[in-house]
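Trainee: I am new to this structure. Please pick a single part, look at it closely, and then work outward from there.

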Amino acid sequence: MSLAATLRNAFFGPHRGLPLAALRDAGFAEAELDAVQGTPAMADQLRRFAEGGGRIERVDAAFSGANGMPGLIRFYVPPVPQAHPHASYGSLAHELGHALFCPEQWQPPESFASAHAYARSRELGEAHAWLNQWRLTRARLGGLPEPAPVLPIENDHDFGTQPVDIFTRIDERLAAGWSEAQVLDELALLNANMFPCGMGEGNFKTYGQCNRWDWLQATAGRHPAFTAFLQRLGRAPHADDQKLLTKFNVFTGPPDGLGLAQAAPDSGALDALADLLAATERRGDLDALYALGAGALPRCQPGVAACGRDADALVRDDGVPPRI
């Protein structure tokens, strides 16, 4: 056990308020448990979570993963000898961010007036989780530092990706004088273009695309054009269809009043797109899928920034927009 954990235990007891047995059952190594106990900021958050009735749950699964919400953090544990990288201090810090901050992320999709508003709440929830992970990782005492998460981020203008070092980006923004609100804005925009884990083979939607599709599904009764499109398609939309429709904001264009240059396709264009997709086999060829969308939807501007204020909100005082 680290010196910090030993000193803390001398004052507070080794297990007071901390669900260490549950973390151990979820696959946490002793070094990770030492870091959890020995880092005051982490221990305080975990104790706050536990004392509020929160619990840690192990779920046996075919993959490694984790998710958190108010009152419950789950770790998905694959069978031995598969690796379980999510049984870590950093993953716990991230999921505590979901469990303890940004309660609006847990409101149901149908309570939001637009796809953008719902997606924004979810993406800000992820932003708080990333910022919390960054804070607790920087505060970690003893042992090896957490590896920096370098993630592929999908471009707004196509289906290509660029690697982004999330923690370095936060360091740079704060060093440049950005406020916490500005950092959260950028993290939310980055999250919209990140890829969730555990999506299943052949599902290449980003968080932002998943969020917008979830809102469409939950509010389908409000959108006769969407219902007519599905009837014309003649089958359940698969993951490629969902990615294209949400990438090009076909049924999730900008809310009224934003003044953005996004025009909804007319019924003829929607019928033609439905017929084209119905005749196209699902291949997971993202370049071909993007080309199909760009050709069929010339009035639709792709990307999450086309549907919200994010890009404008992130322009710094020197007029330089964020790099995504």
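Mentor: Start with how the parts are named. Helices and strands are DSSP runs, of at least four residues for a helix and at least two for a strand, and they are numbered from the N terminus. With those names, our part is easy to place: asparagine 249 sits in the loop between H11 and H12. Keep in mind that this is a predicted model.

Is asparagine 249 buried or exposed? Asparagine 249 counts as buried because its relative accessible area is 1%, and the cut-off for buried is under 20%. Now follow its side chain. The side chain of asparagine 249 reaches the backbone oxygen of glutamine 301, at 2.8 Å.

Next, look at phenylalanine 251. Neighbours within four places in sequence are set aside here. Phenylalanine 251 then touches Leu216, Ala225, Phe226, Phe229, Leu245 and Leu270. Phe251 also belongs to the largest nonpolar core, which has 25 residues. Which residues have the most contacts inside that core? They are Phe229, Leu244, Leu245, Phe251 and Leu273. Several helices give two or more residues to this core: H6 (115–139), H9 (207–218), H10 (224–233), H11 (239–247), H12 (267–278) and H13 (286–296). A second core of 24 residues is separate, and Leu23, Ala35, Tyr89 and Leu92 are among its members. As a general point, nonpolar side chains tend to be buried together in soluble globular proteins.

Go back to H11, one of the two helices that flank our loop. Alanine 239 lies in H11. With 8% relative accessibility, alanine 239 counts as buried. Beyond its neighbours within four places in sequence, alanine 239 contacts Gly202, Asn203, Lys205 and Arg282. Now compare sequence with space. Alanine 239 and cysteine 210 are 29 residues apart in sequence, and their C-alpha atoms are 9.7 Å apart.

Cysteine 210 is buried too, because its relative accessibility is 13%. Cysteine 300 is also buried, at 5% relative accessible area. How many disulfides are there? The count is 0. That count rests on a cut-off: the two cysteine sulfur atoms must be within 2.5 Å.

H11 also holds a charged residue to look at. Glutamate 154 makes a salt bridge with lysine 243, and their closest N and O atoms are 2.7 Å apart. This pair joins distant parts of the chain, since glutamate 154 is in strand E4 (residues 150–154) and lysine 243 is in helix H11, 89 residues apart. Both glutamate 154 and lysine 243 are buried.

Further out, another charged group makes a useful comparison. Arg55, Glu57 and Arg74 are linked in a network of salt bridges. Glutamate 57 pairs with arginine 55, with 3.5 Å between the closest N and O atoms. Glutamate 57 also pairs with arginine 74, where the closest N and O atoms are 2.6 Å apart. That second pair links strand E1 (residues 55–60), which holds glutamate 57, to strand E3 (residues 72–77), which holds arginine 74, across 17 residues. Glutamate 57 is partly exposed, at 22% relative accessibility. Arginine 55 is partly exposed at 46%, and arginine 74 is partly exposed at 24%. The whole structure has 17 salt bridges.

Two other helices show burial along their length. Helix H5 (residues 89–100) has 12 residues, and 12 of the 12 are buried. Its buried residues include Tyr89, His94, Glu95 and His98. H5 reaches 16 Å from its first C-alpha to its last, close to the 16 Å expected. Just after H5, cysteine 102 takes a positive phi of about 55°. Helix H3 (residues 30–38) has 7 of its 9 residues buried, so H3 is largely enclosed by the rest of the structure. Among the buried residues of H3 are Glu32, Leu33 and Asp34.

Finally, step back to the whole chain. The chain has 14 helices and 5 strands. Of its 324 residues, 49% are buried. Take contacts between residues at least 6 apart in sequence: 65% of these join residues at least 24 apart. Then return to the loop, and find asparagine 249 again between H11 and H12.

Definitions and conventions: Residues are numbered from 1 along each chain as its sequence is written. This is a predicted model: local features need pLDDT of at least 70, side-chain atom pairs count only at pLDDT 80 or more; totals for chains, interfaces and linings use all residues. Side-chain values use heavy atoms; hydrogens and water are left out. Buried means under 20% relative accessible area, exposed over 50%, partly exposed in between (1.4 Å probe, protein chains only). A nonpolar core is a set of buried Ala, Val, Leu, Ile, Met, Phe, Trp, Tyr and Cys residues joined through side-chain atoms within 4.5 Å. Contact means heavy atoms within 4.5 Å. A polar contact is a pair of N or O atoms within 3.5 Å; within protein, one must be able to donate a hydrogen and the other to accept it, and residues adjacent in sequence count only if both atoms are side-chain atoms. A salt bridge is a side-chain nitrogen of Lys or Arg within 4 Å of a carboxyl oxygen of Asp or Glu. The expected span of a helix is 1.5 Å times one less than its number of residues.
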